[in-house]
Amino acid sequence: MKAIEDVPDNQLLLFKSCMVGQEYPGVETSTCYIFDRLGIDYCINDEQSCCTGIGHYTDVFEGLTTAAIAARNFAVAKRCGYPNITCLCSTCYAVNKEACETLNTNTEVREKINSIFLEKGLENLVYEKDDMNPRTNFYHAVEILLSKVDKIREQKKFDFSGIKTASHHACHYYKVKYLDVLGNPENPQLIDNISAACGAEPVRWYEDRTLTCGMGFSQLHLNKDTSLQVTKTKLDSLQRAGVELMLHMCPNCQIQYDRYQPVIEREFGVKYDMVHMNIAQFAALSMGADPYKVCGFQTHSVPLEGFLEKNGII
Amino acid sequence: MNAALDKTAVFICHCSGNISERIDINSLKKTLKAEGIPVFDYEYLCSREGQTLIKNKILEGKLDRIVIGSCTPSKHGTLFKKCIQEAGLNRAMLEIANLREHCAWVHPDKAGATEKALSLIRGKLNRLENHKPLEEIKVNIVPQALVIGGGIAGITAAVNLADNGISTYLVEKESSIGGNMAKIGKVFSPDKLAEECAMCSLSPLMNEVVANPRITLLTWTEVERLSGSAGNFTVRLRKKSRYVHDNCTGCGRCSRVCPVLVENEFNCGYIDKKAISLRFSQSVPKIYCIDPDYCLQFKGETCGKCVEACKSGAIDFSQKEEIIELNVGAVIVATGFEEYDVSQKPQYGYGFFKNVITQMELARMLGINGPSKGILVKPSDFSLDPDAVSSTSTCSTERSLENSSEKGSGTPKRIVMIQCVGSRDEKEGGNRYCSRYCCMAALKHSNLIMKKYPGTEITICYVDLRALGFYENYYRAVQDIGVRFVRGRPAEIVEKPDKSLLVRLEDTLNQKITELPADLVILSAAMVPSKGTRKIASILNISQDESGFIKERHSKLRPVDSSLDGIFVCGTAQSPKDVTDTISQAGLAAIRGSAFIADSPKALVNEIPTINQLLCDQCTECLKCPFEAFSLNDSGKVIVDPLVCTGCGYCTELCQKGAIQISGFTKSQLKAEVEGVVKEGDLLGFVNSGIASITCDNIGNSALTYPSNVKLVKVPTNLVVDKDLLLHAFKCGASAVLFIEDPPDSPKVEVIYPLTISHFEKLKKELGDSGDRLYFKKAYVPNTRGLAGTFTSLAREGEMI
């Protein structure tokens, strides 16, 4: 298990996520907004490439390519002096961590990748065993936020008291690497604790709390009915629990809930009252960030205007 | 051959292949015999025949020094010492080379292992050249025993000790003895299907504790400190104030008039007790006790109702706590278990779904002295009637229950029990072990409910059902009365608006997802060491296993001996077990304790400082000993108290004149051993003979490996290793030296550990450039893998140099 005291606040490479960039750029700008105000030492490096996650899980990239691209990204992180890879997306987090483990423990894969690098004249990308440590070089941005939760509480400008929130901790954060989670992996509390610091009231437990968002990458497209049924199950449970705001830590989950909530409402003839945000967007909002210029709520499918008006933000 | 060794022989044990399959014993024999040293080997040296062989050879060859190559000396060291003593040798004339845990089991390469085995034997031979016979230090054992914890284990142990003629103190931190067994109502037994009344078995035993003139019962009392050593412990106890004197008649008038209701720990947190109360109605001693956290008088209000009501004038708000000091020869720890905190599994909703309870809470509910007076209810429908509480002595709730049972709505019809909550659980926060009691507790409660409430639907969700031995009959009978069994660990419990529940799981026998509706869900929580067990382990400075249970010396050979001589353990403080097993083990602990006391005067470990009075100039530096073991006698000479001395060796560092040496670990002995053991490029580890030594042995027990150029030499602590010895080790070829120390987890080591750290840093500085070759490592028992890793990486570094 990770210890909160061990989460670093410096030399963080804020790892860009294709899903965040494409779908909810406000997650990245919100995270930067908070990091800047908490004095966190981070950098964004344009040389970094996609982790391949979405391609990997839809069988476009096989493992070797994924590991090779990871090795390249690790070289980028080390070269710029920001070796603590901090992901906005839980899939980037799991893919990078897993790739690091493979590179450290599977000599055959490591040597194969290094020989390709050398063959192509990319000596600077060569990965030596234990160049990165899968336990101490990889973080989710939410872990960084949680480690500074007291400062978030101090700097909050809007108080969300009375707002019932529900957390959806991403599978790729707490199920893939369940031995390396902040807190009890059967009861992750990261989002809950940050949202409580913002004054909201997280619901302690709700039916199907540990259920996946339903996306399952290719499943959303290949088995759409099942995928949406899973999402609906959870939305139904949240509706019963009277939740107003569902908080995420993974753009894939956020897509599944925010983009597809209107689709489910249409296809199943139901109506839901809850809106969606990434926890970084919520924390930034509470610290006074602009809902559109920083949080990027204009890119959401479930409109947030009602929520923002009710709380006196717009 | 060296002249000092002309009457020396080496004995090598095959350990039934454990040693002989990895070490070429014939090659060892050949090499040593060529040097004129007689070598004998045997299948099992620890057997009677093996010992006869040793004794015969000693007598035939008039041998005076012996090296045995076998398993770790912590296993059979005492046995072999006794063996050579019986053949007329002094115990100091035996050295044991650990060819199993430090060699055969950790080095898969036969050539490397054989070479190392030879060097280990050489080290011991070298050591013997410098040996002098050790005088025996004998102490009289105090013929009194202390039992800590007044549950069924402690009660059984105390009664058995007293029956063996030993004056015994039984200490209990609660206001009554009885422990968890008093809570559980009914107990299952292996030979019949009926459940026995726990209190009917326990109550006579508790009364015997009071009646027995050899037992002194101290309730509401906690152990604060233990000092001294085996055979002569000084124990400091804090007897809290009950604010009620012993002339209390137990009539209960005080409780009836008390206006304050408090949470009842005995009834698993129901608010059904008064601020002045008995723990339960059959409490022993039957003396009321005031909880000052709730009593109005202590909160600055004037109440005094109980004082008015008491006819014997027993209540005294000014009663003070007492500090009691006892001298005892042996201690038995029986501090028990507590239930695992099931709220760590929020998917089961404990703490926020009212109708999810634990087996212990169900046991209280089914107990006729429980919160619902033995009536099965749904907690969501159950409320205590405050009027009913305040009008009776120990909170009868019958009236409110009659109401609810009249309505009939409160009785759960569908019950689901979930096994292995927190047991056999590899997830964070769970325990990997099986808690042993829970399968039978679930079967017992199912049987009780089915008999009293026929037609109840009970389903037990299990992982594996473990009804061992004769309990199988019980399991079969419970199956026959219609209890359902579903194999699977539930994923989640859902609460419906009417407070009924839905248990979701995969039935792993038909691989189907199932939903079980329930009115009441019972969680079979793991058994974990009680807070008292964890605390006492640290106060007494005895080893615990990774889960916090008190570790026995050897699971088979010494199942109730703790890591310290004279301290024994029994019951659930040692490992999860049921009442039957607890009683058997408590009996054994009592026998071990009384045997220990009977064996007086006892020979002490003599590895303590000896003072060369010719060299000593009475500078009194050694009086800085943190344990205050040194003093000046009437004639101004420095003397050491063998009972207080821990043998740590700090005095050898303090003494500038070199007048103090630790017997068995003198400078010349250590130098000689290093000379024999170390080869060019070796990593030499000096191992603290406590926890660090156990951890090194455990590397072998855990089938881990490290390179055979890692050589380990045992020392009391690294405080006896000085600069001279280190330079000598480097001269002999050591590439690096590693200090392996006990972690500061116990009061004794908390004192010693900082000394070893500063000793290490001082040496590092004094060594100059060579200081880089000196390393330090804390060794925790569970971290065998980490220590093996350190050995491997340091040894590899050494090879590169």
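Okay, let's start with a cut-off: a residue is buried if 20 or more other C-beta atoms lie within 10 Å of its own, exposed if 12 or fewer, and partly exposed in between. Keep that in mind for a few residues here, and remember that this is a predicted model.

So, A:Asp208. It has 17 C-beta neighbours inside 10 Å, so it counts as partly exposed. You'll find A:Asp208 in chain A, in the loop between β6 (201-202) and α11 (218-222). What caught my eye is the backbone: phi is near 65 degrees, a positive value, and the residue is not a glycine. For context, most residues other than glycine have a negative phi, and most peptide bonds are trans.

Then there's A:Asp59, again not a glycine, and with a positive phi of about 65 degrees. This one sits in the loop between α3 (53-57) and α4 (63-79) of chain A. Is A:Asp59 buried or exposed? Exposed, because A:Asp59 has 9 C-beta neighbours inside 10 Å.

Over to chain B, and to cis peptide bonds. One joins B:Val284 and B:Pro285, with omega about 0 degrees. B:Pro285 is in the loop between β15 (276-277) and β16 (289-290) of chain B. Another cis bond links B:Ser600 to B:Pro601, and there omega is about -5 degrees. Look for B:Pro601 in the chain B loop that runs between α16 (579-598) and β30 (602-604).

Now the cores. In general, nonpolar side chains tend to be buried together in soluble globular proteins. Here, the largest nonpolar core has 129 residues, and the ones with the most contacts inside it are B:Ala157, B:Ile332, B:Val333 and B:Val521. Which helix gives this core its largest share? That's α6 (residues 152-163) of chain B, with 8 residues. If you want to click on one residue, try B:Val333: leaving aside neighbours within four places in sequence, its contacts include B:Ile148, B:Gly149, B:Ile536, B:Leu540 and B:Ile550. Also on that list are B:Ser562, B:Ile567, B:Val569 and B:Ala573. There's a second, separate core too, of 96 residues, and A:Ala71, A:Tyr93, A:Ala166 and A:Cys253 are among them.

Next, a helix pair in chain B. Helix α1 (residues 25-34) packs against helix α5 (residues 110-129) at an angle of about 40 degrees, with the axes 10 Å apart. That angle makes α1(B) oblique to α5(B). The crossing of the two is right-handed. On the α1(B) side, the contact is made by B:Ser27, B:Leu28 and B:Thr31, and α5(B) brings B:Thr114, B:Ala117 and B:Leu118. By class, that's 3 nonpolar and 3 polar residues, with no charged ones.

How about the contact between the chains? How many residues does each chain put in? Chain A gives 9 residues and chain B gives 10. On the chain A side, you get 3 nonpolar, 3 polar and 3 charged residues.

Last stop, B:Tyr753, in helix α21 (residues 747-766) of chain B. B:Tyr753 has 19 C-beta neighbours inside 10 Å, so it counts as partly exposed. Not counting residues up to four places away in sequence, B:Tyr753 touches B:Glu741 and B:Pro744. And if you need a distance to check in your viewer, B:Tyr753 and B:Gln144 are 32 Å apart, C-alpha to C-alpha, with their positions 609 residues apart in sequence.

That's my tour, thanks.

Conventions. Residues numbered from 1 in each chain as written. Chains lettered and ligands numbered in written order. Predicted model: local features only at pLDDT ≥ 70, side-chain atom pairs only at ≥ 80, totals over all residues. Axes fitted to C-alpha atoms, helices over the stretch in contact; angles between N-to-C directions. Helix = DSSP H or I, 4+ residues; strand = E, 2+ residues; numbered from the N terminus. Parallel < 35°, antiparallel > 145°, perpendicular 65-115°, else oblique. Left-handed = near helix turned anticlockwise from the far one by under 90°. Contact = placed C-beta atoms within 7 Å. Nonpolar A, V, L, I, M, F, W, Y, C, P; charged D, E, K, R; others polar. Core = buried A, V, L, I, M, F, W, Y, C linked by C-beta atoms within 7 Å.
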